[in-house]
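Work through the exercises below with the sequence and the model open. Each task is followed by a solution in steps.

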Amino acid sequence: MLTPASGRRSPTIIVIAFVAVAGCAPDTDLTDERTRDSAAGTAVGSSGVGLVDPASGATDVPPNLASLVVRFAAPLMVPDGALTVCAGAGGDVRSQGAAQPMPCDGAGVCYRVAVAGALPAGVTCQVTVTAPLVRDDGSQVPMGTVGQFNTAAAPDQTPPTLTAVQAALAEGCLGVTLAVDEAVTVEALVHVGDDTTTIAVGAGTGMVDLGVPARALAADTDGDVTIRATDRAGNISTAAPIAIHTPPAAPPVVITEVLANPAGKEPDQEFVELRNLGAAPLNLQGLRIEDSRGGDVLPDAMLEPGGYALVVGAAFDPFSVLDVPPRAGAVLVRLDTRIGADGLSNTGEVVRLRGLGGADAPVISSYGGWVDVSATAWSGRSVRRASDDACDRTENWNHAPLAATPGW
């Protein structure tokens with residue numbers, strides 16, 4: 001469990017230990033087009049829309065529903081009134097205002113859309129795209145039904161009950177766990193120094209365990225986190241503040257892909273991909289890459305903003321015909337021998353990137369080693385983050401074989 005503390009890593013380390021997985025519920029998809037694999041295994045169709053919360057088929061949804069969450073295949077703008085939330089004898093209830101992006105698990109992008117008025121009680125409501133929507137890439141989302149749910153007989157006027165609320169910072173992410181008696185949207189109000197930052201953490205019900213990037217907070221500073229939960233009807237509960245100390249400044253570099261089972265010679269063709277998420281060039285020299293049994297200090301290697309680097313062993317052959325070659329421009333960071341103690345285990349092994357200071361330095365990024373890649377289907381296939389800034393949680397890494405993308 002998370003343990004609230006007043007400091008982290010000089011003077012105190014705050015550790016995140018996740019015990020359950022919760023997030024956006026599975027969507028209902030009316031088409032058969034699939035996007036890139038995701039750890040959660042959900043898919044978004046060519047219509048680009050899936051009803052997330054309330055999930056399609058949900059019952060006892062409060063008639064005073066304040067908002068709903070919709071999943072799209074790609075980023076887009078959802079203007080005022082673009083969705084019909086429920087059609088009734090008194091007229092259609094539509095979405096209100098512009099949609100707001102929020103974190104969610106699985107493929108696509110989630111948005112929260114406000115509901116313009118009360119829904120009819122005790123009826124089946126269909127959520128429908130009633131106006132063409134345009135994705136950021138210029139493609140259109142066709143009109144049609146997204147999903148449906150049944151409303152309860154009476155409005156919900158009772159705030160959610162929160163217990164066991166905990167929060168902590170590690171590896172550039174804010175982790176939140178709590179128990180709640182109904183579906184809620186979770187926000188964190190982070191007070192650090194003189195600044196207050198509101199972070200949309202995600203959604204869930206029951207035992208909720210969420211993680212969200214939080215790299216923009218001021219470094220090495222005392223503060224506190226207040227967790228706020230809002231139910232479907234807009235009723236709010238707020239937990240007591242939790243004292244924190246933000247971690248010291250760390251290089252903005254993350255592990256984005258791990259190839260432990262190459263099609264070519266093993267462990268020679270293994271790699272760990274890194275990406276510079278910062279706006280300035282970054283020298284990797286002195287950082288430490290490690291597996292569960294040992295590690296290596298990285299040599300001098302400059303990584304441009306947004307650039308990728310491949311940490312490889314001394315015998316790595318970028319021209320091997322058996323594996324996907326590194327992308328032109330990707331930086332090869334060669335170690336003296338092999339990655340980690342003796343190469344990466346195919347059965348699932350943790351991989352960590354530590355900051356300056358050797359084996360005792362803080363971990364700045366990691367892959368949790370959740371996936372066993374020893375099967376033949378994984379030969380030449382890698383595990384990678386769903387998005388490069390996603391937190392290191394099992395749902396943010398693919399659990400089905402994907403072709404390696406070294407430097408992409």
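**Exercise 1.** Which residue in strand 17 stands opposite Val 258?

Solution. The model is predicted: local features need pLDDT of at least 70, side-chain atom pairs count only at pLDDT 80 or more, and totals for chains, interfaces and linings use all residues. Residues are numbered from 1 along each chain as its sequence is written, and side-chain values use heavy atoms, with hydrogens and water left out.

Step 1. Find the strands, which are DSSP runs (E, at least two residues) numbered from the N terminus. Strand 16 covers residues 253-261 and runs antiparallel to strand 17, joined to it by six bridges. Two strands count as paired if DSSP finds at least two bridges between them.

Step 2. Read off the partner: Val 258 stands opposite Val 272.

Step 3. Look at the other pairing of strand 17. Five bridges join strand 17 to strand 22 (residues 308-312), again antiparallel, and here Arg 275 stands opposite Tyr 308.

**Exercise 2.** State how far strand 17 is enclosed, and describe the core to which it contributes.

Solution. Step 1. Five of the six residues of strand 17 (residues 271-276) are buried (under 20% relative accessible area, 1.4 Å probe, protein chains only). Strand 17 is therefore largely enclosed by the rest of the structure.

Step 2. The largest nonpolar core (buried Ala, Val, Leu, Ile, Met, Phe, Trp, Tyr and Cys residues joined through side-chain atoms within 4.5 Å) has 28 residues. Those with the most contacts inside it include Ile 255, Val 272 and Ile 289. At least two residues of this core come from each of strands 16, 17, 22, 24 (351-354) and 25. Strand 16 gives the most, with four residues.

Step 3. Follow Ile 289. Leaving aside neighbours within four places in sequence, the contacts of Ile 289 (heavy atoms within 4.5 Å) include Ile 255, Val 272, Asp 296, Leu 298 and Leu 353. A second, separate core of 27 residues includes Val 61, Leu 76, Val 78 and Ala 99.

**Exercise 3.** Work out the order of the four-strand open sheet and explain what is left free at its edges.

Solution. Step 1. The order is 20-19-24-25, with antiparallel pairing. Strand 20 (295-297) and strand 25 (363-367) are at the edges with a single partner strand each, so one side of each has no neighbour in the sheet. The twist averages 15° from one strand to the next (axes are lines fitted to C-alpha atoms; angles run from 0 to 180 degrees between N-to-C directions).

Step 2. Strand 19 (residues 288-290) is joined to strand 20 by three bridges. Asp 296 in strand 20 is the bridge partner of Ile 289.

**Exercise 4.** Locate the two disulfides and describe their handedness and burial.

Solution. Step 1. A disulfide is a pair of cysteine sulfur atoms within 2.5 Å. One joins Cys 86 to Cys 125, S to S 2.0 Å. The torsion about this S-S bond is about -75°, so the disulfide is left-handed. Cys 86 lies in strand 3 and Cys 125 in strand 6 (residues 124-129), so parts 39 residues apart in sequence are tied together. Both are buried: Cys 86 has a relative accessible area of 1% and Cys 125 of 0%.

Step 2. The other is formed by Cys 173 and Cys 391, with sulfur atoms 2.2 Å apart. At -110° about the S-S bond, the link of Cys 173 and Cys 391 is left-handed. Cys 173 and Cys 391 are both buried.

Notes
Buried < 20%, exposed > 50% of the residue type's maximum accessible area, 1.4 Å probe, protein only.
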